[in-house]
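Hi,

Here is the structure I promised to pass on. Have a look, and then read on for what I found in it.

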Amino acid sequence: MGLRITQVDAFTDVPFAGNPAAVCLLPAPRDERWMQNVAREMNLSETAFLVRRADGFDLRWFTPAVEVALCGHATLASAHVLWEEQHLAGAQQARFHTKSGLLTADRAGEWIELDFPAKREEATDAPAGLAEALGTKPVYVGRNQFDYLVEVDSEETLRGLKPDHAALAALPVRGVIVTSRGGAGGYDFVSRFFAPGAGIAEDPVTGSAHCALGPFWQARLGKNTFTAYQASARGGVVRVGVVGDRVKLGGKAVTVLRGELVETASR
């Protein structure tokens with residue numbers, strides 16, 4: 001028997017939208033090179049690998065190019081698969097041990113709620129070439145341990161960005177989060193996320209980016225809960241709640257594909 005791989009569209013309830021992730025539940029840990037090769041073969045923004053342990057699951061995430069320390073949509077997809085394939089009972093919490101500590105997921109009706117660490121940014125000078133790479137002048141630039149966070153003047157500006165990905169890839173960060181207040185769509189804020197240096201030109205919906213966006217907009221809008229939209233070509237909705245040093249990320253998910261690594265590939 002090979003290893004099953006399930007592809008899930010996260011932060012959406014319709015196929016072919018949101019952010020696709022592959023989820024592979026392993027019977028035992030595998031080496032990093034093998035996991036990286038599988039992620040490269042899947043060629044999605046993230047592939048998640050899970051190994052059961054006494055108090056939950058070990059969870060690691062790989063882009064086609066690198067392992068990452070925090071990923072929201074592939075964690076959402078992993079929780080969805082664990083409940084859908086009955087590895088966990090419907091009311092049982094999903095517990096994930098990761099490079100970013102313990103992360104949990106709970107079912108809330110049709111939604112899945114993730115409990116993630118807040119990743120607050122601090123104001124910084126814009127690095128050389130950032131405005132030119134984005135093609136617009138930032139209203140604000142901040143940085144956290146992962147990314148630059150750039151506010152632009154409007155949703156129209158944000159949706160119209162056509163960045164220079166080669167220039168963005170040269171920046172010494174995982175990626176660049178671009179955000180603005182929501183416009184006519186009724187969302188509190190909108191965003192896009194570019195991470196060419198991590199092998200992802202534009203990520204469709206980025207849960208971990210909202211760990212920075214939640215606290216950022218909390219300070220500006222004077223509220224703790226938000227409905228956000230990531231305005232990529234696929235698009236996706238994220239419910240965001242800021243609770244102290246944690247961020248609650250709510251989303252839906254739908255399975256679109258189930259496959260199997262053949263025996264020779266799974267060794």
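The side chains of Thr255 and His80 make a polar contact of 2.9 Å. Keep in mind that this is a predicted model. Thr255 has a second side-chain partner in Glu84, with a polar contact of 2.6 Å. You'll find Thr255 in strand β18, which covers residues 253-261. Is Thr255 buried or exposed? Its relative accessibility is 19%, and the cut-off for buried is under 20%, so Thr255 counts as buried.

The rest of its surroundings are worth a click too. Setting aside neighbours within four places in sequence, Thr255 is in contact with Thr6, Gln7 and Val8, as well as with His80 and Glu84. Val81 sits 174 residues from Thr255 in sequence, yet their C-alpha atoms are 8.0 Å apart.

Now for the nonpolar cores. The largest has 53 residues, and helix α2 (residues 73-84) gives the most to this core, with 7 residues. Which residues have the most contacts inside it? They are Trp61, Ala94, Phe96, Ala105, Val240 and Leu249. Another core, of 18 residues, lies apart from the largest one and includes Leu130, Leu168, Val178 and Phe194.

Val240 is a good one to centre the view on. Not counting residues up to four places away in sequence, Val240 touches, among others, Phe189, Asn224, Phe226, Val247 and Leu249. Its contacts also include His210 and Gly214, and both of these are among the buried residues of helix α6 (residues 210-221). The other buried residues of α6 are Cys211, Ala212, Leu213, Pro215, Phe216 and Trp217. Just after α6 comes Gly222, with a positive phi of about 65 degrees.

One more spot to look at is Asp31, in the loop between β2 (19-26) and α1 (32-42). What does its side chain reach? One partner is the backbone nitrogen of Arg33, at 3.1 Å. The backbone nitrogen of Trp34 is another, 2.9 Å from a polar atom of the Asp31 side chain. With 44% relative accessibility, Asp31 counts as partly exposed, whereas Thr255 counts as buried.

If you only have a minute, start with Thr255 and its polar contacts to His80 and Glu84, then move on to Val240 in the largest core.

Cheers

Conventions:
Residues numbered from 1 in each chain as written. Predicted model: local features only at pLDDT ≥ 70, side-chain atom pairs only at ≥ 80, totals over all residues. Heavy atoms only, no water. Helix = DSSP H or I, 4+ residues; strand = E, 2+ residues; numbered from the N terminus. Buried < 20%, exposed > 50% of the residue type's maximum accessible area, 1.4 Å probe, protein only. Polar contact = N/O pair within 3.5 Å; in protein donor to acceptor, adjacent residues only side chain to side chain. Core = buried A, V, L, I, M, F, W, Y, C linked by side-chain atoms within 4.5 Å. Contact = heavy atoms within 4.5 Å.
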